[in-house]
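Me: Hey, can you walk me through this one? I'd like to go bit by bit.

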Amino acid sequence: MVHQVPSETRQLAAGDHLRLVVRNGWEFVERPKISGIVVIVGTTRFGGLVLVTQWREPVAAPVVEWPAGLAGDLAGSETEALEEAARRELFEETGFRADTMTAELSGPPSPGISNEIVTIFRARGMVRTAAGGGRGAERIRTHVVPISWLFPWLDQMQAKGYLVDPKVYAGALLLRKEMDEGLYD
């Protein structure tokens with residue numbers, strides 16, 4: 001494997017949460033105030049998949065997603081562990097708590113534009129204990145979808161004008177792998 005030696009990173013612009021930089025001729029975005037991003041592929045105790053929808057201004061559309069969020073983004077929690085962030089974000093967005101939360105895979109979701117690394121967690125035995133909905137003005141809506149209805153439901157959502165985050169399909173592949181291996185609960 002060939003690794004390019006990074007040159008100095010130069011900041012081009014900065015906002016409250018993002019920085020546009022250039023390094024080795026590549027312009028990209030950094031998130032300077034986080035330690036990671038978590039995505040939660042979760043199932044309830046009755047086998048339902050827990051997904052969320054919310055308006056996403058950069059794409060000017062509502063988007064179907066797994067619950068997700070940032071680690072280390074809250075003042076005083078800069079060293080927050082990824083699992084802790086996954087549990088917190090799951091509860092904030094959906095009102096669900098999980099019996100187990102296991103990191104399954106990590107990687108860059110958009111390596112040509114951002115330095116973000118996403119860690120996908122598998123949550124099992126989820127039970128709703130609060131309303132959820134997110135923080136501030138997020139207005140997140142929770143959906144519990146039977147696994148056998150996932151793809152028809154996604155088709156219906158797209159017909160209504162929703163976009164579907166490709167990580168939803170990646171999570172479905174993770175669940176399919178569990179089924180093939182007899183691990184799905």
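Reply: Sure. One term before we start: a contact here means heavy atoms within 4.5 Å. Also, keep in mind that this is a predicted model.

Me: OK, so what does V64 touch?

Reply: Leaving out residues up to four places away in sequence, V64 touches L51, V52, T53, W153, L154, M157, Y162, L163, V164, D165 and V168.

Me: And which residues touch the most other members in the largest nonpolar core?

Reply: That core has 20 residues, and the ones touching the most other members are L51, V64, W66, W153, L154 and V168.

Me: Which elements give two or more residues to it?

Reply: Those are strand 4 (36-44), strand 5 (48-56), strand 10 (118-128), helix 2 (150-159) and helix 3 (166-180). There's also a second, separate core of 13 residues, which includes I40, A71, L90 and M126.

Me: Let's look at strand 4. Buried or exposed?

Reply: Mostly covered: nine of its nine residues are buried. On one side of strand 4 you have G36, V38, I40, G42 and T44, and on the other I37, V39, V41 and T43.

Me: Which strands is strand 4 joined to by bridges?

Reply: Strand 7 (residues 68-71) is joined to strand 4 by four bridges, running antiparallel, and there G36 has A71 as its bridge partner. Strand 10 is joined to strand 4 by seven bridges and runs parallel, with R122 as the bridge partner of V41. Strand 5 is antiparallel to strand 4, with two bridges, and L49 is the partner of T43.

Me: What's in the turn between strand 4 and strand 5?

Reply: The two strands form a hairpin with three residues between them, and G47 in the turn has a positive phi of about 85°.

Me: Switching topic: how many aromatic pairs are there?

Reply: The count comes to one. F151 and Y169 are stacked, 6.1 Å centre to centre with 10° between the planes. F151 is in helix 2 and Y169 in helix 3, so the pair ties together parts that are 18 residues apart in sequence.

Me: Are those two rings buried or exposed? What do the numbers say?

Reply: F151 counts as partly exposed, at 45% relative accessibility. Y169 is partly exposed too, with a relative accessible area of 31%.

Me: Last one, helix 1. How far apart are its end C-alpha atoms?

Reply: They are 18 Å apart, which agrees with the 18 Å that its 13 residues (82-94) should span at 1.5 Å a residue. After helix 1 comes G95, whose phi is positive, near 80°.

Terms used: Residues numbered from 1 in each chain as written. Predicted model: local features only at pLDDT ≥ 70, side-chain atom pairs only at ≥ 80, totals over all residues. Heavy atoms only, no water. Expected span 1.5 Å × (residues − 1). Core = buried A, V, L, I, M, F, W, Y, C linked by side-chain atoms within 4.5 Å. Buried < 20%, exposed > 50% of the residue type's maximum accessible area, 1.4 Å probe, protein only. Phe/Tyr/Trp six-rings, centres within 6.5 Å; stacked < 30°, edge-to-face > 60°. Pairing = 2+ DSSP bridges.
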